[in-house]
Every structure is written in structure tokens, then in C-alpha cells.
Amino acid sequence: MATSSLIPPLLLLLLLSLLSLSVSALNSPKPLAFILPIKKDQKILQYSASITMGTPPVTLDLVIDIRERFLWFECDNHYNSSTYRPVQCGTAKCQQAKGKDCITCTNHPLKTGCTNNTCGVQVFNPISKFFVSGDIGEDFLSSVYKIVDNASEISISKARVPSFLSSCVYPNKFGVQGFLQGLAKGKKGVLGLARTAISLPKQLASKYNLPLKFALCLPSQKNGHGDLFVGGGPMPPHRDGDDDPPKFLDYTPLIINNYSTGPIFDGDASTEYFIDVKSIQIDGEVVNFDTSLLSINNKGNGGTKLSTVIPHTKLHTLIYKPLVEHFVKQAVGRKMKSVPAVEPFGACFDSKTVGNTNTGPDVPKIDLDLNGGVQWSIYGGNSMVKVGKNKLCLGFVDGGNIRTSIVLGGHQLEDNFLEFDLVDSKLGFSNSLLVHNVSCSHNRFP
């Protein structure tokens, strides 16, 4: 199956491996795409990217959330930008941001993030799951890397994006403390990639007339970087001599859930990314459960969505229990020794009885049968979690009677190249890159 490429893949990989950074000139050509390196916090399993905002620039390390609607951050005393411009209430940009409030800053001196008659939005912390009010403003966004065709060569340099819309939350303006609670240490906010008018992909695509696409390659290693591509990603990583790299990607439709699924329940269609799972197999055998849970019903319940802030895939309990039972049955057939489970997992094994392959622990393979006649294969590197010295656990958790029946979590997405094509509303996925002896983890960026 084919995918589009902005740069011949071998050339791109060579380019990235020889990456040298420079500040972009004002008259530089239109970028072909943008790249942000992704880091993984191994302790609490969050993925982040660093950007800078404002003048003088302030570095912000932000948790990546594909469900969040926009970029938001804490605008403390370190962020006092001379180029920050608040968005006024009732303006077209406020409507674009779906601002619901008109904020007035009282009892505090006016400063960046604390202004009057300013468009306000409800900022959501996806880890602690609470809202605070934030201003909408525009400023320079930088420390994203742009791919540029300079006629004679293709280069990568730092970009400075003007008039970027985001929300900053002034720490003490509303008497709210700890609104960064739950985010990894040092993180200052959230980088939103949802299907909205002011998400990072939408703004960059609109400003630079790029395809409305972005791609994720989440790293599995704490010391390596993954990639976030905006504007139509390159081919996934591959080895010299492999067959045509487009064969790495299969496609399945991105499904629109016509009902709000949060964090804001505003009556509009969900801005999250849903796919259509038809059935689940383990080592080629179909897992039996009520497959109506896989469809989105007339209340917006059911179906399958992707998440970068949930560490491990959550399953509706009526899917989880038969899946675990079936997996354990197949594992026993492979002479894997069961041991007492460790919360939040429901099935664990003695790692000394589990072999190893290039795709991780040699365990039963889980396949998601998707719309379009393709399979998302989950190998041991994505299905198992090491707990303690000699214990491996099946890395899925019982979500109870959750609204969305399957929420694919970050661990299951790692080392998979995922292209979110919002032009044709489809998801391209590579399956585990470990099959090809490559991964999403690299050290191209400083």
C-alpha cells in the first residue's frame, strides 16, 4: 500500500543523520514540513516535545496529547514577551478558538497572560482531569525544525512561526494552584494535536499551505528521540536494500464520532481520533465478545480511539476479560509460566519462561482487524510490560464500563509510525518497526 512522501526516504534519513541546525532566514523558501523531536519520560510514561514561545524566547517542555484542542502552557514570571498579543473577546480568532469566556484580570498587574477583555477558553489537564480558565493569545513559536527545499539542496533549520495561537494560564490569576499536577517533572503544559482549528498541525498547515497531515513515531527508549512531523511526514525508517518503504504503511479510515467525547462536551462532533476495529485475534484465533461494543452507537458510546496520555490500552471490561483469558490460554500453550498479577494488569508471567525476538518478548500476537481489510499487529514489545526483575505482564488494563470501548495507549503506539491524514481522513500505520530492525528511537537532535 502506498503513502505520499515529501522527500525520497533514503535522502531524508541521510539528511537527518547529518543534521545541522541554523536559524532560518526571513526570506527562506516555504517549508515542506516541520519536525519536533519527542522525548519519553520512562517513569510516568509520558511523551513530550520542547518549543519556545515569545520574545525573548522561553523554552517550554510540553506533554503531547492528541486529544487536546490546542497548545497551552503556564505563563509564569519567566514568560513576559514583548511580542505577545492577547486575542480580544468576540473577534474572529476568538471564535476560531471556540472561546466561551471574556476574561478580565483583576487584583493583579497586567502582564502576559493577565490582560483585560481577553478571549478565554477552558484549559484541560489530561492527567489530573480538571479544567482552569486560560487566555488566548498569539506570539512567536520557535524551536520547531522545518524541512526546506533550497533548489540545490534540502536542508533542516529552526523555524520562527509568527502569530501562533495558544492559551497561557497565569498561575495565581484564578486562585488555582497545581494545575500542572500529574504532568511529568518540568513539563509546563500540553501540546494539543486534536482535529481543531487551532491545534498545532492545523495552524502550521494553514500558515504555510501544507497538507493537513501529521505523523508520530513515539520512542520506546528513554535516551532516544522520536519524531512529530507536521505537514505530511516522510516515509517511515527502513534499512538499505529493503523493498519499497511505502509497503510499510497500511491505511484504515479515521472515523468521525458525531458526539462530543471530551474534554469539552459542547454538542459538536468529537475532535479525537477514532478507528474502526472489526474484531480481535490472538495467534490467529478470534476472541469472542460482544462485537457491538466496537461500533459507535447513537449516543457516541463504543468504538476505538487513540491516546498518547494513557500509558496502557484500556478495554471495556466485556472485551478485557475474554481477551486476557484467551491470551493466557495461548501463553500456557507456549509453556509460559503464570505468576501472580501486579496491578493494574490482570495477567503476568515469569520472564524466564518467555523467549525473545527482534519484536520483543516471544508471546502470543494480538491482531486488531480494521476497516479496510488490514490488521494492526501488536507484538511482544508493545503488548508486554516488564514489572520487577523476572516478571512480564500483559500491558492492557480493565477500563470497566468505559464510554469508548478501546482506548489504545502510548505503550501500544511506540515504535509504530502513524500518519494522521486529515485531508482524506485516514490513518496510516506501519505496525512495529522492530520487525524491520529499526525503531522510533534515535539521537539526531541535541
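Guide: Let's start with a word we'll need: two residues are in contact when they have heavy atoms within 4.5 Å. And keep in mind that this is a predicted model.

Visitor: Okay, so which residues does L228 touch, leaving out those up to four places away in sequence?

Guide: Quite a list! L228 touches F34, I35, L36 and I38, then L191, L193 and L200, and also F214, A215 and L216.

Visitor: Where does L228 fit in the bigger picture? Which residues have the most contacts inside the largest nonpolar core?

Guide: L228 is one of them, along with L191, L200, I280, L306 and W376. That core has 80 residues, and its largest share, six residues, comes from helix α4. Apart from it lies another core, with 19 residues, including W72, V132, V169 and L180.

Visitor: Let's look at α4, then. How should I read a helix?

Guide: An α-helix has 3.6 residues a turn, so residues three or four places apart point the same way. Now the case here: α4 covers residues 317-333, 17 residues in total. From first C-alpha to last, α4 reaches 24 Å, close to the 24 Å expected at 1.5 Å a residue.

Visitor: Which residues of α4 are buried?

Guide: They are T317, I319, Y320, P322, L323, V324, H326, F327, Q330 and A331. After the helix comes K335, with a positive phi near 70°.

Visitor: What about aromatic rings? How many aromatic pairs are there in the whole structure?

Guide: A search finds eleven. Take W72 and F179: their rings are tilted, 6.4 Å centre to centre with 50° between the planes. W72 sits in strand β4 and F179 in the loop between β9 and β10, 107 residues apart. Both W72 and F179 are buried.

Visitor: And what kind of pair do W376 and F429 form?

Guide: A stacked one, at 5.3 Å centre to centre and 15° between the planes. W376 lies in strand β24 and F429 in strand β30, so the pair ties together parts that are 53 residues apart in sequence. These two, W376 and F429, are buried as well.

Visitor: Can a charge meet a ring too? Which ring does R160 lie over?

Guide: R160 lies over the face of F140, 3.8 Å from the ring centre. Likewise, K426 lies over the face of Y251, at 4.4 Å.

Visitor: Last one: is D367 buried or exposed?

Guide: Residues count as buried under 20% relative accessible area. D367 has 3%, so D367 is buried. The side chain of D367 makes a polar contact of 2.6 Å with that of S377. Among the residues D367 touches are I280 and W376, two names you met in the largest core.

Conventions
Residues numbered from 1 in each chain as written. Heavy atoms only, no water. Helix = DSSP H or I, 4+ residues; strand = E, 2+ residues; numbered from the N terminus. Expected span 1.5 Å × (residues − 1). Buried < 20%, exposed > 50% of the residue type's maximum accessible area, 1.4 Å probe, protein only. Polar contact = N/O pair within 3.5 Å; in protein donor to acceptor, adjacent residues only side chain to side chain. Core = buried A, V, L, I, M, F, W, Y, C linked by side-chain atoms within 4.5 Å. Phe/Tyr/Trp six-rings, centres within 6.5 Å; stacked < 30°, edge-to-face > 60°. Lys NZ or Arg CZ within 6 Å of the ring centre and 35° of its normal.
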